[in-house]
Amino acid sequence: MATPAHAAAEQSAGMPQLDFSTYPAQIFWAAVALFVLYRYLSRRAIPQMEAALAARHEAIGGSLEAAAAARREAGQAEADYQKSLAEARARAQATLAEAKARSDAALAARLAEADASIAGKTAAGEARIAGIRASAETDVRSVASEAAAAILERFLPGKADAAEVSRAVEDGLAGLKRS
Amino acid sequence: MADASGGGMHIDPMYQFAIKEIVPIHLGGLNLSFTNSALWSFYAVGATILLFSFAMRGGALVPDRVQSVAEGFYGFVRNMVRDAAGDEGLKYFPYIFTIFLFIFFANMLGMLPYSFTVTSHLAVTGALALAVFITVTAIGFRKHGTHFFSFFVPKDAPGWLKPILAVIEVISYFVRPLSHSVRLAANMVAGHAMLKVFAGFAAAMGVAGVLPMLGMLGVTALEFLVCAIQAYVFAILTAIYLNDALHMH
């Protein structure tokens, strides 16, 4: 402390680290420098850093959340789609079944109608055939009686009895029918 | 040191550590002159402030390179404090961050040619270590009261061994600031002095000086590593001492 302005050359033989006269100045200015650094870091740098990191954390978290929401939405859309697909399919099946039933019914009705009309026509035809046969039989009978009466008149004039002749013709016709 | 009187080519490896007054200041009997040590302390602080204010100028969501570096420092020290001292220790993170950055940048700036390494002086590292020691002890007593004394008595030791172990524990506790400070200062002095000695060889050996030059290349790289590691060691020891005070054993 006796020589405050110690030139370096004077103490080149010793370790400057062990020159205790320089200690107060070193410690004082190091403390000042550290205090300045501490104030800067605690007041500005660290809060800024924390804010930036928090903002990043938030942004990343927000993005992740948005992604999760989008995924949920996509899943919902998929489910909706599947549901509407199933509904449409069911509706199509129902429509198809209904159309089939309607066409079946129409077909059955048309068939029944056709059957009925065919049956009616058959019945009418049969009736007409029966009528024609009956009238034909009557005509045959009367023609046969007349012919027999005429033949008898030729061979035995005045002897022919109309009732007798018609009975004989009946018998003959019955015999014909039987044979 | 033997050839301290030699002139001309002589290189004193300790000359780089000399304290030189720039602005003499005397308060009473106290010499508080602004020295090269003070200047380089402020250079270290200025470099730190420059890095952080430039890095955080935008506070961007996606950091650029400089911001990544600053955030790397922040995350590295913060994780270190949390790992060593728990979430409770994070309250003291700004202090440890300050110490780490100051030592880191003082060490690194000391690697510049013609610069001065603030942390090569026991005055600075000793003051830092003592400040840590006193603060941490005060935290321990404030948190645990007189119960903090039980920190020196191992719980599981047999009764007759306890007094002996307590003495050892107390001694090791009070040696902490010494080892804490000497480790840093000695590393800086040894590394820088060795670089200087190698450089002296290179100058003295002429053409063959290429060999010590190559050696210096490797040693310089190693010295950068030591600069970073010693800052880390000082900071993590601070965090570990803090953990001892907060949680005892």
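Begin by selecting B:D64 and B:R57, whose side chains meet in a salt bridge with N and O 3.1 Å apart; the term stands for a side-chain nitrogen of Lys or Arg within 4 Å of a carboxyl oxygen of Asp or Glu. The model on your screen is a predicted one, in which local features need pLDDT of at least 70 and side-chain atom pairs count only at pLDDT 80 or more, while totals for chains, interfaces and linings use all residues. Residues are numbered from 1 along each chain as its sequence is written, chains are lettered from A and ligands numbered from 1 in the order in which they are written, and side-chain values use heavy atoms, with hydrogens and water left out.

**Around B:R57**

Keep B:R57 selected and follow the backbone, where this residue has its place in the loop between α1 and α2 of chain B; helices here are DSSP runs of H or I with at least four residues, strands are runs of E with at least two, and both are numbered from the N terminus. B:R57 counts as exposed at 51% relative accessibility, whereas B:D64 is partly exposed at 30%; buried means under 20% relative accessible area, exposed over 50%, and partly exposed in between, with a 1.4 Å probe and protein chains only. The side chain of B:R57 also reaches the backbone oxygen of B:F54, at 2.5 Å. If you add B:A70 to the view, its C-alpha lies 11 Å from that of B:R57, and the two are 13 residues apart in sequence.

**Chain B as a whole**

Now select all of chain B, which has six helices and four strands and which, read along the sequence, follows the pattern β-β-β-β-α-α-α-α-α-α. Its C-alpha trace spans about 65 × 55 × 45 Å along the principal axes, and buried residues make up 45% of its 249 residues. Of the contacts in chain B with a separation of 6 or more, 67% are between residues 24 or more positions apart, where contact means heavy atoms within 4.5 Å.

Next pick B:Q16, found in the segment before β1 (21-23) of chain B, which counts as buried at 16% relative accessibility. A polar atom of the side chain of B:Q16 lies 3.0 Å from the backbone oxygen of B:H192. Leaving aside neighbours within four places in sequence, B:Q16 is in contact with B:S115, B:F116, B:H192, B:A193 and B:K196.

**Two further charged pairs**

Move to B:D244 and B:R176, which form a salt bridge with their closest N and O atoms 2.5 Å apart. B:D244 lies in helix α6 of chain B and B:R176 in helix α5 of chain B, so the pair ties together parts that are 68 residues apart in sequence. Both B:D244 and B:R176 are buried.

In chain A, select A:R141 and A:E170, where the salt bridge has N and O 2.5 Å apart. A:R141 lies in helix α1 of chain A and A:E170 in helix α2 (residues 162-178) of that chain, so this pair ties together parts 29 residues apart in sequence. A:R141 is partly exposed at 26% relative accessibility, and A:E170 is likewise partly exposed at 34%. Over all chains the count comes to seven salt bridges.

**Where the chains meet**

Show both chains together, and you will find 39 residues of chain A in contact with 51 residues of chain B. In chain A, A:Q26, A:W29 and A:M49 lose the most area to chain B, together 17% of what that side buries. Two salt bridges are counted between the chains, and A:E50 and B:R78 meet in a salt bridge at 4.0 Å, N to O.

**The nonpolar core**

Finish with the largest nonpolar core, which has 71 residues, those with the most contacts inside it being B:F52, B:F73, B:F97, B:L101 and B:F102; such a core is a set of buried Ala, Val, Leu, Ile, Met, Phe, Trp, Tyr and Cys residues joined through side-chain atoms within 4.5 Å. Among the elements that give two or more residues to this core are α1 (23-155) of chain A and α5 (162-204) of chain B, while α6(B) gives the most, with 13 residues. Select B:L101 last: leaving aside its neighbours within four places in sequence, B:L101 is in contact with A:L37, A:L41, B:T48, B:F52 and B:F73.

Notes:
Buried area = accessible area lost by both parts, 1.4 Å probe. Polar contact = N/O pair within 3.5 Å; in protein donor to acceptor, adjacent residues only side chain to side chain.
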